[in-house]
Each structure stands twice: as structure tokens, then as C-alpha cells.
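Please work through the exercises below with the sequence and coordinates at hand.

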Amino acid sequence: MEQWTWNKSMSVGNAFLDADHRKLLGMIEEVESAMRAQDAATFSRTLKTFENAVRIHFRNEELIALTIGHPFEQHKEEHQYVLNELQQMEAELIDMHGRWSESASTHYFIFLSSWASEHIREDDMLMKLELQSRPYDFKPDNLASP
Ligand SMILES: [Fe+2]
Ligand SMILES: [Fe+2]
């Protein structure tokens, strides 16, 4: 079984990005438990909070990539892809007012958590070498907290 909670092997070499990732992976679990409980109100609240945090994180990541001179065009497309999927997921599930099935919950949970952990391990990780040449707590101005 793939590892979906944050652990040291997921570190991209920067304290702020690591903290964002840890937080986002935790939020996915909150979305999932609301889905499993068929709690529509908590679900839409946690999903909205998650989506906002994802947007802030993507901006932080882009800001850091630009600051360290890391090419970001393709990475940005990956981010755009998941934002579109998130919006679609939100529309589909909110329309069902909590009457979503166990298999729908599993499907979306796997989609979110596997996308997030693979994205961190594969795409975000490409910045690690450059990030490691800076202090671990390197932080450009204007970085926001999700
Ligand atoms: Fe990313
Ligand atoms: Fe990231």
C-alpha cells in the first residue's frame, strides 16, 4: 500500500513547502472522513478549506520556484489539472447532498491522496537539489500560510 501520510521521504528540502504538504495531506483525510460519514455540510466546508489551501500552496510553490530559477511551466499545468478536477469533484459531490456511495468516497479519496503524494514525490521533488543548496527555512517574501 502506498504511503499517503507525510513522512521524511517526502521532504522537498524546504521547511515551508514541507509544512504545506503535511497540512494538505492531513486535510485530504478530513475530507475523506466527512465523505464516509455522508456529512454533506462538513464535506463541503472541508473541501472548500482544502481547495483554498491548495491554491495558496500552489502560489507559494510557484513563488519559490521562480525565486530559485526552477522552470515551472509544466509543473504549473499539473497544478491547473488538479484544480480543475477538484472543481468538478466538488460540483458532482455537492449535487448529491451527501447521498454518495462508499465506492464514490473511495474513488475520490484515492484520486486526491494518490495525486497529492505522487505529485510531491515526482514533480515537487524536482526542486529538491536546488532547494537543498539554500537554508532549510529559506522563505521568499510574500509567502502565505494555507
Ligand atoms: Fe507542485
Ligand atoms: Fe507541492
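Two exercises with worked solutions follow.

The model is predicted, so local features need pLDDT of at least 70, side-chain atom pairs count only at pLDDT 80 or more, and totals for chains, interfaces and linings use all residues. Residues are numbered from 1 along each chain as its sequence is written, and side-chain values use heavy atoms, with hydrogens and water left out.

**Exercise 1.** Identify the donors of the iron ion (ligand 1) and place them in the chain.

*Solution.* Step 1: donors are N, O and S atoms within 2.8 Å of the metal (3.2 Å for Na, K and Ca); water is not among the atoms, so sites may look incomplete. Step 2: Glu61 (OE), His75 (NE2), His79 (NE2), His119 (NE2) and Asp124 (OD) coordinate the iron ion (ligand 1) at 1.9 to 2.2 Å. Step 3: the spacing of these donor residues reads E-x13-H-x3-H-x39-H-x4-D. Step 4: Glu61 also bridges to the iron ion (ligand 2), the two ions lying 3.5 Å apart. Step 5: both His75 and Asp124 are buried (under 20% relative accessible area, 1.4 Å probe, protein chains only).

**Exercise 2.** Determine the residue classes that line the largest pocket.

*Solution.* Step 1: list the lining, namely Arg55, Phe58, Arg59, Glu62, Phe72, Lys76, His79, Gln80 and Leu83. A pocket is an open set of points on a 1 Å grid over the protein atoms alone, with protein on both sides within 12 Å along at least five of seven lines; lining residues have an atom within 4 Å of a point. Step 2: sort the residues, with Ala, Val, Leu, Ile, Met, Phe, Trp, Tyr, Cys and Pro as nonpolar, Asp, Glu, Lys and Arg as charged, and the others, Gly among them, as polar. Step 3: the result is three nonpolar, two polar and four charged residues.

Note on methods: Chains lettered and ligands numbered in written order. Buried < 20%, exposed > 50% of the residue type's maximum accessible area, 1.4 Å probe, protein only. 1 Å grid on protein atoms, 1.4 Å probe; cavity = no way out; pocket = protein on both sides within 12 Å on 5 of 7 lines; lining within 4 Å.
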